[in-house]
Amino acid sequence: MEYTRLGSTGTTVSQLCFGTWRFGRETGGVVETDREEAHELLDAAWERGINFIDTANVYGNPNGTSEEYIGEWLDDYDREDFVIASKVYFPFDGRGEPGPNDSGLGRKHIRAQIEGTLDRLDTDYLDLYYIHRWDEHSDIEETLSTLDDLVRAGKVHHLGASTMAAWQLTKALWKSDVEDYERFEVTQPLFHAGYRDDVKDYLDVCADQDIAVCPYSPLAGGFLTGKYERTDDDDPTAFEGPEGSRGSLSDRFEDFYLSERGWHVLDELRAVADELDATPAQVALRWLIEQPDITCVPIVGARTVDQLDENVGAADISLSDDQFNRIVSARYAENGERWGHRA
């Protein structure tokens, strides 16, 4: 495993981040990753060199279960070996039915949630604290001043922002600079090789401001692993995959990942994988790691140790300029754009 600086911070992280959103999550009444499985995966991630762990206060059922699993696991390790990230925004029902101040990015909710997160993780501080979404109902200055207080108090080292528009990120950075608040150093957008929405403006802001990018769902919910096959040339949403796979269980899979662009990209990933004796998943992750102009650390959410091993294999390959640019070209095959090529 190789390591990289997290944007302009002095913190060093593995080239892959381990995501824990499945920890304690129930689907159809079945827990996707229980406590024992979570600890096994965390052990495996650390043994393979991953020191960057991502969670959120609302991951798990009930909310906070993911943080609890991680906190229990950390008791057997040296906390200083790890970079731990969590998030705040969504309604938190730890006290029962969420009340009017149990969500959003107002000062009251943020201060309550950081204490709960630190308690569940059994740690004195977070390395990285994200706002999970932009809050239209809270003034950004209130949010930033509250987060700045957490940094000054030593409860948080760095700040991050997940899932927002380029103009919102720019507004927050401007306000931080004007008011001398701690600024966002890391972003967490939905971004992968087959993503059909244009993220150029957003990534341009990150490149200009030296902000690290930690994309979630870097394998498009499993689509870019190559385990799905198209069944109708005229319908990009017609596919088949392994029984019980995520794509067959979720309408969100079709809404977010299936498009003509996605299939073009998958074809190219398969071709490059054959050339490198790798897998499409490894190529997709490596394409993100090798993004020009930005520090890009994909968040992998492996469900098994075997999947984790495959993901970690992305650290052992490299793409030629031609291979990298062929994937870029496949992304824009529908409209002829060529943004993002590597010289």
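Contact here means heavy atoms within 4.5 Å. With that in mind, the predicted model can be read one helix pair at a time, beginning with helices H5 and H6. In this pair, Ala166, Leu169, Thr170 and Leu173 of H5 meet Asp201, Tyr202, Val205 and Cys206 of H6. Sorted by class, the residues of this contact are six nonpolar, one polar and one charged. Helix H5 covers residues 166–179 and helix H6 covers residues 200–208. Their axes lie 8 Å apart and make an angle of about 25°. Angles under 35 degrees count as roughly parallel, and H5 and H6 are therefore roughly parallel to each other.

Helix H5 also has a partner in helix H4, which spans residues 140–152. The axes of H4 and H5 come within 10 Å and cross at roughly 60°, which makes H4 oblique to H5. The crossing of the two helices is right-handed. On the H4 side, the contact is formed by Ile140, Glu141 and Leu144, and on the H5 side by Lys171, Ala172, Lys175, Ser176 and Glu179. Here the class count reads three nonpolar, one polar and four charged residues. A general point about helices helps in following such lists: an α-helix has 3.6 residues a turn, so residues three or four places apart point the same way.

Another pair of helices to look at is H1 and H2. Their axes come within 10 Å and cross at roughly 60°, and H1 and H2 are therefore oblique to each other. This crossing is right-handed. Helix H1 contributes Arg35, Ala38, His39, Leu42, Asp43 and Trp46 to the contact, while H2 contributes Tyr69, Ile70, Glu72 and Trp73. Together these residues divide into six nonpolar, one polar and three charged.

How much of helix H2 is covered? Helix H2, residues 65–74, is mostly covered, with eight of its 10 residues buried. The buried residues are Thr65, Ser66, Glu67, Tyr69, Ile70, Gly71, Trp73 and Leu74. They pack against helix H1 (35–47), strand E6 (52–54), strand E7 (83–88) and helix H3 (107–121). In the loop between E6 and H2 sits proline 62. A cis peptide bond joins proline 62 to asparagine 61, with omega at about 5°.

Next come the cysteines and the question of bonding. How many disulfides does a search of the whole structure find? The search finds zero. The sulfur of cysteine 17 has its closest cysteine sulfur in cysteine 214, 6.0 Å away, which is too far for a bond, because a disulfide needs a pair of cysteine sulfur atoms within 2.5 Å. Seen from the other side, cysteine 214 is in no disulfide either, and the nearest cysteine sulfur is that of cysteine 17. Cysteine 17 is buried, with a relative accessible area of 1%. Cysteine 214 is buried too, at a relative accessible area of 0%.

Cysteine 214 also appears among the neighbours of glutamine 188. Glutamine 188 belongs to strand E10, which runs over residues 184–188. Is this glutamine buried or exposed? Glutamine 188 has a relative accessible area of 3% and is buried. Leaving out residues up to four places away in sequence, glutamine 188 touches Asp54, Lys87, Tyr130, Ala161, Ser162, Thr163, Tyr202, Cys214, Tyr216 and Ile299. One of these, Tyr202, is also part of the contact that H6 makes with H5. As for separation, the C-alpha atoms of glutamine 188 and phenylalanine 90 are 16 Å apart, and these two residues are 98 residues apart along the chain.

Finally, two residues have a backbone angle worth a look. Aspartate 180 is not a glycine, yet its phi is positive, at about 60°. This aspartate is placed in the loop between H5 and E10. With a relative accessibility of 56%, aspartate 180 counts as exposed. Alanine 220 likewise has a positive phi, near 55°, in a residue other than glycine. Its place is in the loop between strand E11 (212–213) and strand E12 (229–230). Alanine 220 is buried, with a relative accessible area of 1%, whereas aspartate 180 is exposed.

Terms used: Residues numbered from 1 in each chain as written. Predicted model: local features only at pLDDT ≥ 70, side-chain atom pairs only at ≥ 80, totals over all residues. Heavy atoms only, no water. Axes fitted to C-alpha atoms, helices over the stretch in contact; angles between N-to-C directions. Helix = DSSP H or I, 4+ residues; strand = E, 2+ residues; numbered from the N terminus. Parallel < 35°, antiparallel > 145°, perpendicular 65-115°, else oblique. Left-handed = near helix turned anticlockwise from the far one by under 90°. Nonpolar A, V, L, I, M, F, W, Y, C, P; charged D, E, K, R; others polar. Buried < 20%, exposed > 50% of the residue type's maximum accessible area, 1.4 Å probe, protein only.
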